Amino acid sequence: MERELSADDAQFRAEMREFFTTKIPQDIRDKVAVGAELTKEDFAQAHRIQHEHGLAVPGWPVEWGGKEWSDLQRYIWLDEMAAAHVPAPLAFNANMIGPVIAAFGSQEMKERFLAPTASLDIWWCQGFSEPEAGSDLASLRTTAVRDGDEFLVNGQKTWTTLGQYADWIFALVRTDPAAAKPQQGISMLLIDMTSPGITVRPIQLIDGGYEVNEVFFDNVRVPADQLVGEENRGWDYAKFLLGNERVGVAPVGWIKRKLADAKARAATVASGSGTLLDDPLMAARIAELECDLMALELTVLRVAANSHGGKPDPASSILKLRGSQVQQDVLELMVDIAGPMSVVWSGEDDGAVPEWARHTAPVYLNYRKASIYGGSNEVQRGVIASAILGLKG
Amino acid sequence: MERELSADDAQFRAEMREFFTTKIPQDIRDKVAVGAELTKEDFAQAHRIQHEHGLAVPGWPVEWGGKEWSDLQRYIWLDEMAAAHVPAPLAFNANMIGPVIAAFGSQEMKERFLAPTASLDIWWCQGFSEPEAGSDLASLRTTAVRDGDEFLVNGQKTWTTLGQYADWIFALVRTDPAAAKPQQGISMLLIDMTSPGITVRPIQLIDGGYEVNEVFFDNVRVPADQLVGEENRGWDYAKFLLGNERVGVAPVGWIKRKLADAKARAATVASGSGTLLDDPLMAARIAELECDLMALELTVLRVAANSHGGKPDPASSILKLRGSQVQQDVLELMVDIAGPMSVVWSGEDDGAVPEWARHTAPVYLNYRKASIYGGSNEVQRGVIASAILGLKG
Amino acid sequence: MIFAFTDEQESLRDAVRELATRGRTEPVPGDAPHDPALWSALAELGALGLPFPEASGGMGASPVEVMIVASELGRAGIRTAYAEAMVAGSLLAASRDGGELLGSLCAGDSFVVPALYEPNRAWSLEPASVMADGDRLTGVREPIPCGAAADAVVTSARDADGVAVFVIESPALCGARLDLAGVAARRLKGAEAAAVARAVNLGTLTLCAEALGAMDTALTMTVEYLKTRKQFGVPLARFQTLTQRAADMYTSLELARSTVQFAAMTLAADPDDAATIDRLKVVVGKAGRHIGQEAIQLHGGIGVTAEYAVGHLTARLTAIEHSYGDTRQHLAALAARVGDYEAVDLIG
Amino acid sequence: MIFAFTDEQESLRDAVRELATRGRTEPVPGDAPHDPALWSALAELGALGLPFPEASGGMGASPVEVMIVASELGRAGIRTAYAEAMVAGSLLAASRDGGELLGSLCAGDSFVVPALYEPNRAWSLEPASVMADGDRLTGVREPIPCGAAADAVVTSARDADGVAVFVIESPALCGARLDLAGVAARRLKGAEAAAVARAVNLGTLTLCAEALGAMDTALTMTVEYLKTRKQFGVPLARFQTLTQRAADMYTSLELARSTVQFAAMTLAADPDDAATIDRLKVVVGKAGRHIGQEAIQLHGGIGVTAEYAVGHLTARLTAIEHSYGDTRQHLAALAARVGDYEAVDLIG
């Protein structure tokens, strides 16, 4: 057991801090700081700058741009990125389809897709969920029927995050409706979003923004060489994809940044003869959240340290579960700090009520999704109960 | 809608307060105040004094000693009783078997049992739970086989509270093992605890006390005229018994008394330059518990006001559920007020650490039972979900 | 204590329920615009003047009736400035020269809202940086909920004698902000700090009653969803972990219901009972967070969409929680006095 | 940061686990009597002197090793004065003339416990009414956990210069109370307020490590019970509401585990890091309440019986929570400093 950071890692940390605080445009970082919505160009610019410095896809194999960092280094990279209010490289590219193609794609597929995926020349979105297949992904109904050198795809995906910006979608489709179990008979296809027959319908969320979409497939023709790996093995690839990330599954750096921001905001809100940060109940709540976050962050570090080569570990369920809870607690804290300033969402940007305060309620409401998507907290508890505790029910 | 108490009810309240604070011996009330264990004689004395004043069984039919009080008066009676640290009349007699005999017993049975039940000349205990039938009462296995004018009883009961003091037990027994449903084929028998073949084994609880027991029946002969009502209808009587009490199902008066005591204790514990009652976090927690308790108490008053003639109402499940939660919260508060004084349970009664403080941890631990017995909180939530919300699963 | 409604109260409830069903529009994210047609309908029903004296055009009823109206608006998911009107009306009623505007408010002719928040400051009954010198005010009020459509706002300010209350007709808001320097303000004689406290008591009750209605609908929608939505081939209602949580929501709801009704009775008897309002806000605040968050969670993804009502209910519960002091602030107010009494006596 | 144990640490863990299994007796309600045989076995293992200098008879190891020992005792449900010995030993080690008694403590020859609580006073590092005038003390220490069997107690007292530390040999306790007036006390030169804080840091870590072990066993027992106990004709593990709650217990446990291990590493590097100990006590305090209460609830009635171990584990978790300041007190200490830094930096 050893608490101290090695000299190399301390140096690495300093480099990352320097990079994120000097190379990413201030206006993007300011938007993140106040909880404003980022444009497509904001995401793309931040991603591309990281890519230019070789930092966009550190978790990939070295030959495709990866870095062979230790888990601790990955953690430091994420931590410093969040601390500087820098948006992460697009997860659909960097953490999801890229590693899947690198692991299971043919050599041709790797050569065709990995470079533009790393550079964001292809913007990917995810086509997993369907209206009747949310937490129960295995019951998906979108079909792909082989027709010569093509698949004919019909069906509907939903909750497709940032799908309105995407060039391509990686989708789970049912290729064998007669399979013995619903998880079998599923394949993963890469589909050009400009293919005839694809319609994207944005879904407005409760915060007023449009970040998710429905994607409809009406006789969409997909070349067969855009099948990932083997036919009917899509479920395995999806599990790999979802279990691939462990260091980042709990957004610890993001939460830490928000909590620090919350303290700074609290110190600007007058209360009685001092500020909210002097209020005993507010200060105790912040201190308690810092304790909760510390325990979570330490667990990320401890569990990541026990990592064994990308194999999904059910322990990541506790990170997802607890990560979303602490994240939501911090956003709730932020609304409470804004107090009456959170009650009116709109307002003039030069008003006396600062922009961060007006964003608090919509951001809080938006992030109720955090305990729903990517496997709801109920699903995570189920994984813990069955896979870790052996409570098979 | 009307908040004010009527003049009659205000007068009634004053009478109850006068009675409980002057007629019940101070030494019994002092024991209750510090959380000490009561002896059999303490319980009996408090019960008998109430009986002498006609107050032990107000909920019974008038001809057997009842009072025809309004629900509000019943509430005031319980509230003032608790406020004065007076133990309630023995629930097994006053709230459980008495009303059942009065409602379903034969005239002979009423005449034989009701008067001594009201006066505590018979001390009753309850024989419902079994080792394999806790929350799932319907799976009970104790059998009663008709043999001429007698039943032959074999089996085992458990969690029999104060069974070591009891003269008689009212027990659920299986009289028809072939019944279509497990709830059918159950009868209720009144059994003399001195009958040959009965063995009582006390169970020590985590607080060190002995308040519950196992009761073993080995070929116990029970005269057939001690069958309550009709054979194989015991389940209905048990449901009546458990649903009979609504005003008292949440121990609001008891909790209110404890919370007021907790405040008084907090004011005696030095902390920093003041007392624990001055501590902002402690004071806020007490204030919050007062809010929780107020909401519960108001709900008791509101739901009781909607009562319809003793018919079990699923709304009583929220009172049981929430009542046990707030009760446990207050006892947890009490340990926290005692702080390090709670760490050592034993000690000299003339020590500098007061007796109440030494009792806090065992009492807290003991009352974890409150969310388990009488239908666990999980069972209560199930009743709410199915009977009120229509979520049949 | 009697919780039952009178026949007249039940009629009022039914009338508002009918109006709310008829006047309901699909909710949209963000701030709700003022709906003059709905407002006129409320005025016709007498809802705007319920607790105010008949001499001023009010109905001479009580906070209990206000609670009934607000609960129904909340049930229907209709966001209005009803609570704001109650605060403004109460301030006008406290003054010997607020009668004319109060009459206009009751009739629905003037849309009047209070301006009591200061930017970058936690909620306080006391003005901090809004100052009065005669009829000249300085300082900023922001945000002013529903202020954009207001014919008049009522605000408080600090002067040498303490707290005074002012009316500003035809206020020129910039967004939700009103810069008070240079605007024409009229002092409401006789309305001082106690009037502000009393008005906010009534407004807080109104908001909490609206929250009660919103929670009621959020639970109803959640239960319905659990019954009909299938996952893993069976209705969600088969998942015990969800139904047990729905039971907890119901428990929170019923405890909040008792407390809202009690607080209305209490204000009817004593409009200055601040401690009961503190407790009300704590109970409703906790229940609103619990039910609002669980309603979304038990719905899953659809719960955070703008197309579905449950997220809007949670948004409204969140706004109510942060109006006139949140749970923490009311707890702190109670905590400061917790040593002054032995126990909370509800029936004394 | 490295969480893995060294081979030596694993050997120590195995040795204590073996000892704990062998030395375990059925728990009884209430205060645990001192068990001299078990204590000697711990001494033979070197466990009593782990963090103390070899020159004083200790092992020259670190708080990490202490954590390992305490966790195993907690896992086995064995209640000892191990944490108390660590506090007493640390105070002796801080003084230039505590060496002889420390050696005796390490060897298991002297059973020494601290006396740091004052009756009717919340936990405080600072003595309030215990006063020193030279070697003469006044005041009362109560309760003194495990004090009845002590060969010596170590206590703090306030004198003109601040806080001083004293040893009292063969103390004559009345119950758990020691009246200090008139007893012979020996001042431990060099041990002052900072030594008390440091000793309590180590003691708190030790208790939290014991709590970790107790929580681990409480969860294991609960899971086992859910798998085997039947209700309504099926194992409890079929009730999703119970298994989801077991998953939450596991989550609390693992977060507490990370925190305990981190705190041990931290004290090894800086024995005076009070903020980390405050956070440790908060995390373990909350986890202990959660897991202790749920372990009983998921067991049902058997969970509150003295015949079954899970209630005793909860009892021990409750005692640990109230030793050296509870969650509230440590939160308040953190809250007072929360504005002094931007974020908690774990790897800096």
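I started with the pair A:Lys369 and A:Glu211, whose side chains meet in a salt bridge at 2.8 Å or less, specifically 2.4 Å, N to O. Strike the "2.8 Å or less" there: the distance I have for this pair is just 2.4 Å. I count a salt bridge when a side-chain nitrogen of Lys or Arg is within 4 Å of a carboxyl oxygen of Asp or Glu.

I noted the ground rules next: this is a predicted model, in which local features need pLDDT of at least 70 and side-chain atom pairs count only at pLDDT 80 or more, while totals for chains, interfaces and linings use all residues. Residues are numbered from 1 along each chain as its sequence is written, chains are lettered from A and ligands numbered from 1 in the order in which they are written, and side-chain values use heavy atoms, with hydrogens and water left out.

**Chain A, domains**

I looked up the domain assignment of chain A, which gives domain 1 (7-89), domain 2 (123-232) and domain 3 (245-388); such bounds come from an automatic or database assignment. The C-alpha centres of domains 2 and 3 of chain A are 31 Å apart. In contact (heavy atoms within 4.5 Å) I found 5 residues of domain 2 of chain A and 7 of domain 3 of chain A.

How much area do domain 2 and domain 3 of chain A bury between them? I get about 470 Å², 53% of it on carbon and sulfur atoms. Buried area here is the accessible area (1.4 Å probe) that two parts lose on being put together, summed over both. On the domain 2 side, A:Ser135, A:Ile206 and A:Asp207 supply 76% of the buried area, more than any other three residues. The rule finds 1 salt bridge across this interface.

I also checked the UniProt record, an unreviewed entry, which lists "domain: Acyl-CoA dehydrogenase/oxidase N-terminal" at residues 7-119 of chain A. Such annotations may be inferred rather than shown by experiment. That span is 70% helix and 0% strand, with its end C-alpha atoms 31 Å apart; helices (H or I, at least four residues) and strands (E, at least two) are DSSP runs, numbered from the N terminus.

**Chain A against chain D**

I moved on to the chain pair, where 43 residues of chain A are in contact with 50 residues of chain D. The two chains bury about 4,400 Å², and carbon and sulfur atoms give 67% of that. A:Met1, A:Arg3 and A:Arg302 lose the most area on the chain A side, together 22% of what it buries.

I counted 6 salt bridges between chain A and chain D. One that I looked up joins A:Arg302 and D:Glu254 at 2.8 Å, N to O. Which helix gives the largest share of the chain A side? My note says α9(A), with 16 residues.

**Chain C, domains**

I finished with chain C, assigned as domain 1 (111-191) and domain 2 (194-337). Their C-alpha centres are separated by 29 Å, and the contact takes 10 residues from domain 1 of chain C and 9 from domain 2 of chain C. The buried area is about 740 Å², with 72% from carbon and sulfur atoms. C:Tyr117, C:Trp123 and C:Leu125 lose the most area in domain 1 of chain C, together 63% of what that side buries. I found 0 salt bridges across this interface.
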